[in-house]
Amino acid sequence: SVIDPEVLEREKTKFQWISRELEMAINRRIETGRPLKSIIQEVVTPVRPTSCSVFSIMAKLLGQ
């Protein structure tokens, strides 16, 4: 099956955003020593985890 180019571009953009957010969270962890779980929850909460399956999965993995 052929993947719709628009869907592919949307997923690519979403992945790039998630990658940037996770990198920022990891850097904050290194700088502050705070638990990565709480830093990621600060990132996850504003985007409504239920609206994006990736964030729903992250929230469950982090025990939110």
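**Exercise 1. The end of helix α1**

Task: Find the residue that follows α1 and state the sign of its phi.

Solution. Step 1: Go to the end of α1; the residue that comes next is Gly33. Step 2: Read its backbone angle; the phi of Gly33 is positive, near 80°. Keep in mind that the model is a predicted one.

**Exercise 2. The overall layout**

Task: Count the helices and strands of the protein chain, then give their pattern along the sequence.

Solution. Step 1: The count gives three helices and zero strands. Step 2: Taken in sequence order, the pattern is α-α-α. Step 3: For the chain as a whole, 20% of the 64 residues count as buried. Step 4: The accessible surface is about 5000 Å², and carbon and sulfur atoms hold 60% of that surface. Step 5: Among contacts with a separation of 6 or more, 22% come from residues 24 or more positions apart.

**Exercise 3. The length and start of α1**

Task: Check whether the span of α1 agrees or disagrees with a rise of 1.5 Å a residue.

Solution. Step 1: Helix α1 covers residues 5–32, and this makes 28 residues. Step 2: The expected span is 1.5 Å times one less than the number of residues, so α1 should span 40 Å. Step 3: The C-alpha atoms at the ends of α1 are 40 Å apart, which agrees with the expected value. Step 4: Now look at the start of the helix. There, a side-chain oxygen of Asp4 comes to within 3.0 Å of the backbone nitrogen of Glu6.

**Exercise 4. The salt bridge**

Task: Determine how many salt bridges the structure holds and which side chains meet in a salt bridge.

Solution. Step 1: The structure has one salt bridge. Step 2: Its partners are the side chains of Glu11 and Lys14, with 3.3 Å from N to O. Step 3: Both residues belong to helix α1, and they are three residues apart, or about one turn. Step 4: An α-helix has 3.6 residues a turn, so residues three or four places apart point the same way. Step 5: Classify each partner. Glu11 counts as partly exposed because its relative accessibility is 39%. Lys14 is also partly exposed, at 28%.

**Exercise 5. A nonpolar patch on the surface**

Task: Name the residues that make the nonpolar surface patch and give its area.

Solution. Step 1: The patch is made by Ile3, Val7 and Leu8. Step 2: Its area is about 260 Å². Step 3: Take Leu8 as an example; this residue is found in helix α1. Step 4: Exposed means over 50% relative accessible area, and Leu8 has 51%, so Leu8 counts as exposed.

**Exercise 6. Buried residues of α1 and α2**

Task: Decide whether Ile18, Val43 and Ile39 are buried or exposed.

Solution. Step 1: The limit for buried is under 20% relative accessible area. Step 2: Ile18 lies in helix α1 and has a relative accessible area of 10%, so Ile18 is buried. Glu21 and Ala25 are buried in α1 as well. Step 3: Val43 lies in helix α2, which covers residues 36–44. With 12% relative accessibility, Val43 counts as buried. Step 4: Ile39 is another residue of helix α2. Its relative accessible area is 0%, so Ile39 is buried. Step 5: Compare sequence and space. Val43 and Ile18 are 25 residues apart along the chain, and their C-alpha atoms are separated by 9.6 Å. For Ile39 and Met24, the sequence gap is 15 residues and the C-alpha distance is 9.3 Å.

**Exercise 7. Contacts of Ile39 and Glu42**

Task: List the contacts of Ile39 and of Glu42, leaving out residues up to four places away in sequence.

Solution. Step 1: Ile39 is in contact with Ala25, Arg28, Arg29, Thr32 and Arg34. Step 2: Glu42 touches Arg28 and Arg34. Step 3: Place Glu42 in the structure; this residue is in helix α2. Step 4: At 40% relative accessibility, Glu42 counts as partly exposed. Step 5: The C-alpha atoms of Glu42 and Ala25 are separated by 9.1 Å, with their positions 17 residues apart along the chain taken as the sequence distance.

Technical notes
Residues are numbered from 1 along each chain as its sequence is written. This is a predicted model: local features need pLDDT of at least 70, side-chain atom pairs count only at pLDDT 80 or more; totals for chains, interfaces and linings use all residues. Side-chain values use heavy atoms; hydrogens and water are left out. A salt bridge is a side-chain nitrogen of Lys or Arg within 4 Å of a carboxyl oxygen of Asp or Glu. Helices (H or I, at least four residues) and strands (E, at least two) are DSSP runs, numbered from the N terminus. Buried means under 20% relative accessible area, exposed over 50%, partly exposed in between (1.4 Å probe, protein chains only). Patches are made of residues with over 30% relative accessible area and no salt bridge: like charges are joined within 9 Å, nonpolar side chains (Val, Leu, Ile, Met, Phe, Trp, Tyr) within 5 Å. Accessible areas come from the Shrake-Rupley method with a 1.4 Å probe; for residues, only the protein chains shown count as cover. Contact means heavy atoms within 4.5 Å. A polar contact is a pair of N or O atoms within 3.5 Å; within protein, one must be able to donate a hydrogen and the other to accept it, and residues adjacent in sequence count only if both atoms are side-chain atoms.
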